[in-house]
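Student: Please take a close look at one part of this model for me. I would like to go through the disulfides, one pair at a time.

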Amino acid sequence: MLLCHLSPLERIEMAANKNSDTKSCDKMSRTSLAISVISLAIVSLLFVRFEFVYKNSRALKNRIQRIDVNLKTNVVKIVEKKLRFHDNTPTPEKPAVTSGFESKEGSVVSAKYDHQRKRRAPVAESVTFKEVRSVIKHQFRNSCSANGTTCRTGLPGPTGIAGSPGPSGSNGSSGATGVRGPVGLQGVKGDKGEKGSPGQPGIKGDVGNMGTPGFPGLKGMRGRRGEQGKRGPKGECYPPPNVTISPPSQAVSVNSRAVFNCEVRGPTPWRMKWQKLGGPLSSAPIHKGKLRIKKVRETHAGFYMCTARSKLGAFKVMSKLEVKVPPKITDKPPELVIRDRGTNVRLCCRATGYPRPLVEWKRNDDWSVMMANSQEDGCLEVDMDRESTQGTHYVCLATNKFGLAQIGALVYARSFVAGQSYIIGNNEGHIAALNQWLYPVIRSRTSSWFMCWTLTINGGKASALHEMCDNKGPTLVIVRVEDYIFGGYSSVSWSKDRCEYKYSSTAFLFSLVNKPGWGPTKLPQEGDSPGESIYTCGRYGPVFGRGFDLKIGDDADYKTNSVAHIGWTYKPPKGHSHKTNFANTFMAGKEYFSPDEVEVLYERTD
């Protein structure tokens, strides 16, 4: 059993020295020998390996020493580079803190700069591991490449001795402002201050109330009676003065002369003065009690006072000056007023004068009747429903004791109103002109006008005109040729029974739009052939005058057979004569024409 516990080497030595092994241990010995041989082989291999590793370790150590030298050199360069960078960075100075009580704001600023200094300090003395690792990796790569070998990561080495601390880095950049801290506790109340110096004296107060009166003193002794004076001279007796003005009142016209004479009868000398009541005396000269106004104006009217003064007192007397200013109408009513029925017209008239004139309205046909609806302000309200289409002439009278002024206004109730003619339309100027010409000739105050034929609607046939407008009584013809508007009026009816001339004492031609420089114009029957007012014939449309002063031909809507030759029966325009180019083209702008529109209206009195 002891042999079995021997080491393999001992067994081999015992086997060589002793050849008498028991059979029981032979098998075990051979097995042990094989194991020992294998173990020796393994140990030998390990020794060879260790030797190889040791040689490689020596070479690696040399390389590591070189890397270490290069590493230290590069680290020093990096640190110096970092230090130079931070040395060049401007560092804010810490604000100085005054001695004494330190404010809360100062403490915050101081803490801010201490924090900035602490944050900057480690930056200057630190080198990042990334930079060191990069340098080591670079050195190993260069070493392995130079020897042509493959570098593998070895086992970690033992911890090195701690190096000495590096130099302090420069201050870092300023940190962000911290959150404002809570308000501190209230401080302890300070000691009471020293007593101040005396103030300046105050303002002197008001005087006090008066004291109560003292007691009255004792009554004095009665004095002696004085001596009687000498008797004076005998006085004079003066009668009261007599002050008069001549004339006591007077009325003069504007720009004439006015003289007032003030006389005083009495024994003593008198001083006289003139005044105007309620106004200045202006530049009127005064000589020996006389007041002279050389050129009287309206402002001189009023009362004048003469004052006579002496040692007896002052005596005054009054006089009156009236300036003759006859009435003059300043605000005039319109001479012609045309209004529709159902409306009211206000006529106003105002006048100046001295004395102030009285303004009244009267009818021209009866001056003895005062208008019941006249007003104090000089205005008259006229109800157009009561007015005649023939017109009413109203007169405004302004009177005072120095004269009278008057002006008239002619008021018409409109018979031809807007919308009754397509050609006239709502043109107020044309309507006013037609009404002014028609007022003297219409038959009734209730007259109105109605359309019986229109060229563009009923056609240009003369037969259509006569069929629709014959025997209608007074008619009004309105024609439009381009921009020209004209026509005529006749109090007798049109007829197609026979071709003949007819006379109408009130017939006339008119032109509303004509040659430049001419306004609305009425052409009465004062031509070379009076008495032939119209020509009625079934072959023509409306015809005025013997020589066709105005003729609308048959088929006038497309034929140029209409004409207006002024001067045969109707008077040509003022300043022009019959059969001239101006007279032949005054109405339509041309001698022969085809009208754009023709309207025939008839008067109806119901």
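Tutor: What follows goes from the whole chain to its cysteine pairs.

This is a predicted model: local features need pLDDT of at least 70, side-chain atom pairs count only at pLDDT 80 or more, and totals for chains, interfaces and linings use all residues. Residues are numbered from 1 along each chain as its sequence is written, and side-chain values use heavy atoms, with hydrogens and water left out.

Start with the setting. The chain has eight helices and 28 strands. These are DSSP runs, numbered from the N terminus: helices are H or I, at least four residues, and strands are E, at least two. Of its 606 residues, 33% count as buried. Buried means under 20% relative accessible area, exposed over 50%, and partly exposed in between (1.4 Å probe, protein chains only). Now take contacts, meaning heavy atoms within 4.5 Å. Among those between residues at least 6 apart in sequence, 65% join residues at least 24 apart.

Now the disulfides. A disulfide is a covalent bond between the sulfur atoms of two cysteines. Here the term covers a pair of cysteine sulfur atoms within 2.5 Å. The structure holds five. Three of them are described here, among the five.

Take Cys262 and Cys306. Their S to S distance is 1.9 Å. The torsion about the S-S bond is about -85 degrees, so this disulfide is left-handed. The pair links distant parts of the chain, 44 residues apart. Cys262 sits in strand S3 (residues 258–265), and Cys306 in strand S7 (residues 302–310). Cys262 is buried at 2% relative accessibility. Cys306 is buried too, at 0%.

Next come Cys348 and Cys379, joined with S to S at 2.0 Å. This link is right-handed, with 110 degrees about the S-S bond. It also ties distant parts of the chain together: Cys348 lies in strand S10 (residues 344–348) and Cys379 in strand S14 (residues 379–383), 31 residues apart. Cys379 has a relative accessible area of 0%, so it counts as buried.

Last, Cys499 and Cys537. Their sulfur atoms are 1.9 Å apart. The bond is right-handed, at 45 degrees. Both partners sit in loops, 38 residues apart. Cys499 is in the loop between strand S19 (484–490) and strand S20 (500–502). Cys537 is in the loop between strand S23 (534–536) and strand S24 (543–544). Cys499 is partly exposed, with a relative accessible area of 35%, whereas Cys537 is buried at 1%.
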